[in-house]
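User: I am a first-year student and would like a close look at a single part of this model. Please explain that part in connected prose and define each term as it appears.

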Amino acid sequence: MILIRYVEQSLLRLYAQGLMGGTVHTCIGQEGCAVGVVSAIDRQRDMLFSNHRGHGHYLAYCGDIHGLIAEIMGLPIGVCGGMGGSQHIQRENFYTNGIQGAGVPIAVGMGLAERFKGTGAVSLAFLGDGTFGEGAVYEAMNLAALWSAPTLFVVEHNGYAQSTPSSLQHAGDLSRRAEPFGIPVTRTEGADVIAVFEVANRLLGQIRAGKGPRLLFLDTHRFAPHSKGDDFRDREELERINRECDPIQRLAAQIGADTYEQVRKAAEIEVDIVLQELGVQ
Amino acid sequence: MAKLTMAQALNQALREAMDEDDAVLVLGEDVGVDGGVFRVTEGLLDRFGAARAIDTPLAESAIVGVSIGMAAHGLRPVCEIQFSGFSYLAMQQLEGHAARLRWRSRGRFSASLVMRMPYGGGVRALEHHSESKEVYFAHTPGLKLVAPSGPRNARALLRAAIRDPDPVVFLEPKRLYRAFREEVPDDDEPMALGESQTRREGNDLTLISWGAMLQPTLKAAEQLAKEGTEAEVIDLLSLSPLDDTRLADSARRTGRVVIVHEAHRSYGPGAEVIARLVEKAFWYLEAPIARVTGYDTQVPFFARETDYLPDVARIVTSAHQVLEA
């Protein structure tokens, strides 16, 4: 989580310095979701379909800081040869794209293919609360439930789609949207990485046992703007969530100040080495 | 060797592909119990079971999206969109992901799927059941686009499309499903995507067409022959990639070209064919290239449909103008 945050902060800095193109959507504040869920998967066989806010998922999946930053800088040594950028990263069983909800049916198809082959693999689709506006999500959930696809839907509910609060976009209770399809929903606080891991682990076990798709609904907070300078949220509210809902501070309290400091330093050094290798530190 | 309709020949191709490779499966609206609205998937459910002949909900986006996921993970899905007019609901998945997966992953992944759909007019149907919008797909890098013109090449092209590592949009001219029968060989008949065929040889004029329009084009060539004009007729078969070498070779020889298609005129497929001929055969052209096409309106309902679709008379008139220019 600490490493993800350093990378995200570095990316914002590099963007401000004009060293990157495209756009950069950071997951600062949501690291607990990425690390908790991805730590529970079987990296040898499970598949992840991430989204426009996918750096944390990617780093939790493979820790490839160098490939990620180089990719976003458009360098040939980036994980996709510098052709995909922030939102189009593919490596092994990790996929992303920037189109809201579009990866959800694809993830269901991947899960079905693996079930067809009998590998026991599970596919995961990450979506945000804003993504519930897209029809493809419901088409995919219907098929997943109907065909009992081995798919875990992970909702990172940060309360905003870019600048528009969830309350202005969605009628009803988002956490219950999957229920009419017969998909069981488990709701957890994203800032508690250990709780997220435990719940994800349990749900993946159920899916692997052939019980069909599950949905993990994570309440979380995005500390940084959607992209860069487009944050219209209330300052006091932002300060409050920074103070109370930071997954890293939560973990620090659990592991103790000394351990936290060791991990923090190690992460900082690791990211700095990559930035130096890329000539941007 | 059996004399088959195009619907039967396509059915044979699917059956053969599914027999040969367990990874091949079909999915779509009413493809299982019903065997598809045009009966192209008939019997597949009985032979291969519900795991490989899959009835889906009315959800084109999910049908194509799930197919992409299946294809990326080793299956060979052949999805059916009931009519090409319904495909726009799946366009995001097709254009945004199927077509881009290979490019985006620098060749490490591909969406080896086939999206079959009936297209074109001539069956007295409603507008979304009659249209020819080939260019939506042909304009998209990463997609291949195929349109057979009869039972024999339909079977061979569908087999080739299923084997192809890239996403192939397979347009089935719906008025040809039962229009005529052809001998279809029992053995597999290799056919490459991206190659056109010369259906009639001639040195006076080149007529270029594909799909259902090939029939009136061949008839127009026969009529011209009675007047002493020998027209060459080229069947494109693949619109993307486009076999412009054969087209340019013919245009260099005849110097006169007419393109025939059902699609709307403006920015239609004919415009790209003309551009290629201008690039490759400009100095050999004796006359401006002509197009006989559908009009820039939606396809009208059955009472006016014949006004919209190119026919033998329009093709011959256009050929005369090109010959006299």
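Analyst: The account below examines helix 7 of chain A, then a nearby topic in chain A, and lastly chain B as background. This is a predicted model, in which local features need pLDDT of at least 70 and side-chain atom pairs count only at pLDDT 80 or more, while totals for chains, interfaces and linings use all residues. Residues are numbered from 1 along each chain as its sequence is written, chains are lettered from A and ligands numbered from 1 in the order in which they are written, and side-chain values use heavy atoms, with hydrogens and water left out.

Helix 7 of chain A covers residues 193-208, which makes 16 residues. Helices (H or I, at least four residues) and strands (E, at least two) are DSSP runs, numbered from the N terminus. From its first C-alpha to its last, helix 7 of chain A reaches 22 Å, close to the expected 22 Å; the expected span is 1.5 Å times one less than the number of residues. After helix 7 of chain A comes G210(A), with a positive phi near 90 degrees.

The buried residues of this helix are V193(A), V196(A), V199(A), A200(A), L203(A), L204(A) and I207(A). Because these buried residues fall within an arc of 135 degrees when helix 7 of chain A is seen down its axis, they line one face of the helix. Buried means under 20% relative accessible area, exposed over 50%, and partly exposed in between (1.4 Å probe, protein chains only). The arc is that of the directions from the helix axis to the C-beta atoms. An α-helix has 3.6 residues a turn, so residues three or four places apart point the same way.

The cover over the buried residues of helix 7 of chain A includes helix 2 (31-38), strand 4 (123-128), strand 5 (151-157), strand 8 (185-189), strand 9 (214-219) and helix 9 (247-255) of chain A. A contact means heavy atoms within 4.5 Å.

The last residue of the helix, R208(A), is touched by D46(A), as are I41(A), N93(A), A121(A), V122(A) and L124(A), not counting residues up to four places away in sequence. D46(A) is found in the loop between helix 2 and strand 1 (47-49) of chain A, and counts as buried at 0% relative accessibility. A polar atom of its side chain lies 2.9 Å from the backbone nitrogen of V122(A).

As background, chain B has 12 helices and 14 strands. Of its 325 residues, 62% count as buried, and its C-alpha trace spans about 60 × 40 × 40 Å along the principal axes.

Note on methods
Polar contact = N/O pair within 3.5 Å; in protein donor to acceptor, adjacent residues only side chain to side chain.
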